[in-house]
2 protein chains.
Amino acid sequence: MTTINDIAKLANVSRSTVSRHLNKNGYVSQEAQERIDKVIQETSYLPSQSAKSLRTKKTGVIGVILPKISTETASRVVDGINQMLQENDYQMLLTQTSLDKDKEIAFIKLLQSRNVDGVILLGTNTDEALVNEIQKADVPVVVLGQNMPSTTSISYPDYNATVEMITYMLENGYRDISFIGVPEDDPAVGILRKKAYIDTLKKYNLPILEERMAFGDFSIESGYDAMQTIMMHSSQPNAVFVVTDNMAVGAMQYLKENHYSIPKDIGMATTGVSRLSKYIEPVLTTIDFQNEDAGIAITRLLMEKLNGYNKTKKLTHTYRRLSGNSL
Amino acid sequence: MTTINDIAKLANVSRSTVSRHLNKNGYVSQEAQERIDKVIQETSYLPSQSAKSLRTKKTGVIGVILPKISTETASRVVDGINQMLQENDYQMLLTQTSLDKDKEIAFIKLLQSRNVDGVILLGTNTDEALVNEIQKADVPVVVLGQNMPSTTSISYPDYNATVEMITYMLENGYRDISFIGVPEDDPAVGILRKKAYIDTLKKYNLPILEERMAFGDFSIESGYDAMQTIMMHSSQPNAVFVVTDNMAVGAMQYLKENHYSIPKDIGMATTGVSRLSKYIEPVLTTIDFQNEDAGIAITRLLMEKLNGYNKTKKLTHTYRRLSGNSL
DNA sequence: CTGAAAGCGCTTACAG
DNA sequence: CTGAAAGCGCTTACAG
């Protein structure tokens, strides 16, 4: 392997001079520059980032922690993150927790031992242990998808967007709206979206019925099961709001298999927009959280922190409602 | 930041001993071990990977180069890669070329300067410049999706699977089958799948018509355009085979918009299985290349190389045909 | 404009 | 069983 010493020797300068030239700080004579460039060309020398990092305490690498890679929402966010990182000459170290909370904490540690310059966490909870770990991290950690205490984070407009959607359903005449959610250890998706559903029904003086609510674990299968649970009950709803698109797909499958027509027998709305949702029959009415933009936005906040801005910022991302024919 | 020196001092041993204990090589007395563990606990010490890498020339990081992250095929492959890497305690550095060939070469260099232990490339071409770069890399590079010269690689069964699908279409009575492909600088998708289409028609003594073929660039839009090009021609086909699912979605959109019914007016088959394809109407008949398994398999080959196996291996991945109602 | 020297935080023979 | 020493490949004041 070629090192800076080899280059120095071949170019007849000291390695300090080579380093100065490579990093474009300090003066290097024209002649020296040319000799160095020539030698670098010939040897196709590449500076060792390990050595560089050890000295400078910077790696140019950002760690990204996400629940699951092969999900459309996540891959879009990653796409946005990646764009922004590439613009800023950062590389991305990707880790996946498979929704295991312990791994979130473990990865924050591991990423630090890898000397990443910062961490982007796609949040699934705001447990105290996690908050503590983020606090004591000695690199900036930013969070997308949860309002993480004392941490720079971007939330999705879980409450408002859900209120708007439920209201929209009510205005379209649906009165018996059921709800498929996730457990409450996820404050954003589990608590806020459910609260929005309940609050909106109350506002319209409608009863909140336990049997109209069921909960899944983000998977397609769990959406199927939740829909089944709801429909097995004697008093059936005429609409359903599903908090994530994956579970909505499962719910749709259950309804199709059991010959309920959407929207004739039961209206459906959800959150998250699929690349294919335009082509599904029926086209789902959904809330688009614009994940790619969110990925860009959270990365921008991290870049700010890396540039010395050290106040905690809290943002809420935008959204738009996409109308289909499932209502 | 806590370093090995701090630990050594606090535990009253030399840093050699701490190192020996951490890496579990060489003897360390029970007492010393306990003192060290205690101090590590208290300080929540994490060894610097940069320093470690500089010494050992190993980083425990694998570089992954892919054309585009937010594509279902890619994210499934990444999922498989990630599973296998996690089992082997490796981390993943992810890069995206956006289908820019120069970036493939640039990333191979960049990843090396980051001292990755190996590289997995999702191949889009087998250009000489790329082959050379792979050859002269001083870490193992393995390739998925192309039969890369002189390189350990796993190909998809592009030719055979396509022959089988076209044959299946012919056996189902379709005679005027059109084809949507990609340019020939992609040997696997561009050349082999097209050749399979042509060879199979020839075998059935059917004419090969230029106007029955159109080409896109993997995007949904290009599939739309290609389908349009074909349908604008006076002699219309009664079926189409599209080489990728993304382009198939575009082609479907064109057909729907122009009130062609699938499969009544025109049958369709493609490659690649979408999470949602079961729920699209019609359900697409498709070839499933089982991308997650492919990701696992290519990572396994890389692990073998990392363990000293240095022969070049060439594998072809499996596939299965999924029948829908689009034919 | 340039080079010698120190040091980043580790590991690894080597000597004891 | 343990420690001193050398060295991995860089960068960065500092002196000239």
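Me: What makes the surface near DNA strand D a mixed one, in terms of nonpolar, polar and charged residues?
Reply: In this predicted model, the residues of that surface divide into 11 nonpolar, 11 polar and seven charged. Gly counts among the polar residues in this scheme, while Asp, Glu, Lys and Arg count as charged, so A:Arg55, B:Arg20 and B:Arg55, which are among the closest residues to strand D, belong to the charged class.

Me: How many residues surround DNA strand D, and what earns a residue that description?
Reply: There are 29 residues around strand D, and the closest are A:Ile4, A:Ser19, A:Arg55, B:Arg20 and B:Arg55. A residue is counted when one of its heavy atoms lies within 4 Å of the strand. Of the strand D atoms within 4 Å of the protein, 57% belong to sugar or phosphate, and the rest belong to bases.

Me: Why is the approach of A:Arg55 to a base oxygen of DNA strand D called a polar contact?
Reply: A polar side-chain atom of A:Arg55 lies 2.4 Å from a base oxygen of strand D, and the cut-off for a pair of N or O atoms is 3.5 Å, so the pair qualifies. By the same cut-off of 3.5 Å, a polar backbone atom of A:Ala51, 3.3 Å from a base nitrogen of strand D, also qualifies, as does a polar side-chain atom of B:Arg15, 3.3 Å from a base nitrogen of that strand. The elements giving two or more residues to this surface are α2 and α4 of chain A together with α2 and α4 of chain B, and the largest share, five residues, comes from α4(A).

Me: Which residues are closest to DNA strand C?
Reply: They are A:Arg20, A:Arg55, B:Ile4, B:Ser19 and B:Arg55, out of 29 residues that surround strand C. Sugar and phosphate account for 58% of the strand C atoms that come within 4 Å of the protein. The residues of this surface divide into 11 nonpolar, 11 polar and seven charged, and α4(B) gives the most to it, with five residues.

Me: How do you know which side chains make polar contacts with base nitrogens of DNA strand C?
Reply: Each distance is set against the limit of 3.5 Å for a pair of N or O atoms. An N or O atom in the side chain of A:Ser16 is 2.7 Å from a base nitrogen of strand C, a polar side-chain atom of B:Arg15 lies 3.1 Å from a base nitrogen, and for the side chain of A:Arg15 the distance is 3.3 Å. These values are within 3.5 Å, so the pairs count as polar contacts.

Me: What angle do the axes of helix α1 and helix α2 of chain B make, and what is that arrangement called?
Reply: The axes of α1 (residues 4-11) and α2 (residues 15-23) of chain B come within 8 Å and cross at roughly 105°. This angle makes α1(B) roughly perpendicular to α2(B), because that term covers 65 to 115 degrees. The contact is made by B:Ile4, B:Asn5, B:Ile7 and B:Ala8 of α1(B) and by B:Arg15, B:Val18 and B:Ser19 of α2(B), and these residues divide into four nonpolar, two polar and one charged.

Me: What makes the peptide bond from A:Ile262 to A:Pro263 stand out?
Reply: It is cis, with omega near 0°, whereas most peptide bonds are trans. A:Pro263 is found in the loop between α11 (245-257) and β9 (267-271) of chain A. In chain B, a cis peptide bond joins B:Ile262 and B:Pro263, with omega about 5°, and B:Pro263 is found in the loop between α11 and β9 of that chain.

Me: Why does phi of A:Ser98 deserve a remark?
Reply: Phi of A:Ser98 is near 50°, a positive value in a residue other than glycine. Most residues other than glycine have a negative phi, which is why such a value is remarked on. A:Ser98 is found in the loop between β2 (91-96) and α6 (101-113) of chain A.

Definitions and conventions. Residues are numbered from 1 along each chain as its sequence is written. Chains are lettered from A and ligands numbered from 1 in the order in which they are written. This is a predicted model: local features need pLDDT of at least 70, side-chain atom pairs count only at pLDDT 80 or more; totals for chains, interfaces and linings use all residues. Side-chain values use heavy atoms; hydrogens and water are left out. Axes are lines fitted to C-alpha atoms, for helices over the stretch in contact, and angles run from 0 to 180 degrees between N-to-C directions. Helices (H or I, at least four residues) and strands (E, at least two) are DSSP runs, numbered from the N terminus. Angles under 35 degrees count as roughly parallel, over 145 as roughly antiparallel, 65 to 115 as roughly perpendicular and the rest as oblique. Contact means heavy atoms within 4.5 Å. A polar contact is a pair of N or O atoms within 3.5 Å; within protein, one must be able to donate a hydrogen and the other to accept it, and residues adjacent in sequence count only if both atoms are side-chain atoms.
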